[in-house]
Amino acid sequence: MELDGDLLATQAIARENAADLRSRALAVDAEPDRMEPHVGSPGLQAIQKVAQPGMRCLETTVALIELARGDAGLVLACPGPALAGVIVAVLGTAAQQEQLAAAVANGSSWAFFAVTEPHAGSDVARMRTELRPDGCGGYLLHGAKRYIGNGSRASAGVVFARTGPGPLSLRAALIEVPAANLRAEPLDMIGLRGARISHLSFDGVQVPASALLGAHLPPVRRGMWGAIQAFNRVRVQVAAMAAGTALAVYDYVRAERTRPGADDAAILDATGIRIETVRRLIYRAAVDIDAGPRRGYLASIAKLEAVSLAVEVCGRLPALLGRGALLEHPLLEKWWRDCAAFEFMEGTSTIQRLNVAQGYLKGQETYG
Ligand SMILES: Cc1cc2nc3c(=O)[nH]c(=O)nc-3n(C[C@H](O)[C@H](O)[C@H](O)COP(=O)(O)OP(=O)(O)OC[C@H]3O[C@@H](n4cnc5c(N)ncnc54)[C@H](O)[C@@H]3O)c2cc1C
């Protein structure tokens, strides 16, 4: 599919800002908590522009591939509503959307989205974090969340928890941070260190009833229904970041290997073609999400393909620069570490295959 003039302009602006992001990549990787020198930079401003909750998925996706081509770690380190914004746009009232927007309005604050728990990631049905009635019409939040992006530095966040045993009791609450009885600690990650992945503990955090998302919606649409829409959209964005990382490595190796032999030139050419094929697949998945946010079939295929592409490109292409390439080129070494993390974001490849199989059985492959 071809991009129209507006999308080409979005792509060109993102591409212009990629160099700024790349110039900051190693600094953020080394010190992910030291964001002050980077906040307000042209690259981060470009990310904030395209990460607005109300934007078309295709527009965000087109830009994200180019921005991640600069550095995906910076994209994930960027202050803003991120995934919390997507879920609040689906499940929140206008007042809750405004509350989240206000919490990150200064351009230097983050929001988190917490689903994964220490014992339950892919299988959300095993979630244990609870919203227990406090006896005064509100709730007390008890439990723990793990691998939460920007969790330790956020000023607001969305937490999924149970209000009871059944599937409809899984609800999302918008909380402000710092909060009494909430502890947040960054985890020492190997890849995508800019995302500041954290562990959160809730030991009776006060949550007013008005903080629960989806109260204005029918009961079946209040909890995971909204989360699934958000996951489908974000899955395409993770695919975009994985493809952007593959492009970053490809660009780098191409620029360094100015006169490749015939065999290496063939590898580079084939890689370039494969990247463009995956890029188009990701665009189609984004178009599908814009047509219907519950259409996750192509989103899962796109994520599967993009992660496999990134792992292959980051793992194999540096060898064209010699055996010690990862030691001699810190950016290549960083992207090699980053690409392993994409596998886990928004569902592992096994989970995407299950989604694809289930989607196929339901006839969703006719979408797109
Ligand atoms: C960089 C990064 C950022 C993240 N950000 C967030 C965030 O902001 N918020 C958040 O909530 N979470 C976040 N996560 C967590 C991520 O969503 C989980 O890691 C992911 O859902 C997998 O869960 P898990 O790690 O518990 O693995 P598990 O679900 O325990 O899976 C372990 C292994 O078992 C396999 N497996 C699981 N179920 C099945 C099955 N039914 N059939 C066959 N195989 C199966 C998986 O494929 C995997 O290989 C982030 C993770 C990373 C790496």
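Q: Which residues of α1 are buried?
A: First, a word on what you're looking at: this is a predicted model, where local features need pLDDT of at least 70, side-chain atom pairs count only at pLDDT 80 or more, and totals for chains, interfaces and linings use all residues. Residues are numbered from 1 along each chain as its sequence is written. Buried here takes 20 or more other C-beta atoms within 10 Å of a residue's own, with C-beta atoms placed from the backbone. By that count, the buried residues of α1 are Thr10, Ala14, Asn17, Ala18, Leu21, Arg24, Ala25, Val28 and Asp29.

Q: What do the buried residues of α1 pack against?
A: Helices are DSSP runs of H or I with at least four residues, strands are runs of E with at least two, and both are numbered from the N terminus. Contact means C-beta atoms, placed from the backbone, within 7 Å of each other. On that basis, the partners of the buried α1 residues are α2 (42-50), α3 (57-77) and α10 (330-342).

Q: Where does α1 bend?
A: The bend is the angle between axes fitted to the seven residues ending at a residue and the seven starting there. For α1 that angle is about 40 degrees, and the place is arginine 24.

Q: Which domains give at least three residues each to the shell around the ligand?
A: Domain bounds come from an automatic or database domain assignment, which gives domain 1 (5-81), domain 2 (85-97 + 106-218) and domain 3 (224-366). The shell counts 20 residues, each with its backbone-placed C-beta atom within 6 Å of the ligand. Gly121, Ser122, Gly149, Thr348 and Thr350 are the closest. At least three residues each come from domain 2 and domain 3.

Q: Which element gives the most to the side of domain 2 that touches domain 3?
A: The centres of domain 2 and domain 3, taken over C-alpha atoms, are 28 Å apart. Their contact takes 13 residues from domain 2 and 14 residues from domain 3. On the domain 2 side, the elements giving two or more residues are α4 (82-91) and β5 (170-176). With 4 residues, the one that gives the most is α4.

Q: Is alanine 239 buried or exposed?
A: Alanine 239 sits in helix α6 (residues 224-256). Beyond its neighbours within four places in sequence, alanine 239 is in contact with Ile282, Ala285, Ala302, Lys303 and Ala306. Because 35 other C-beta atoms lie within 10 Å, alanine 239 is buried.

Conventions: A residue is buried if 20 or more other C-beta atoms lie within 10 Å of its own, exposed if 12 or fewer, and partly exposed in between; C-beta atoms are placed from the backbone. Two residues are in contact if their C-beta atoms, placed from the backbone, lie within 7 Å.
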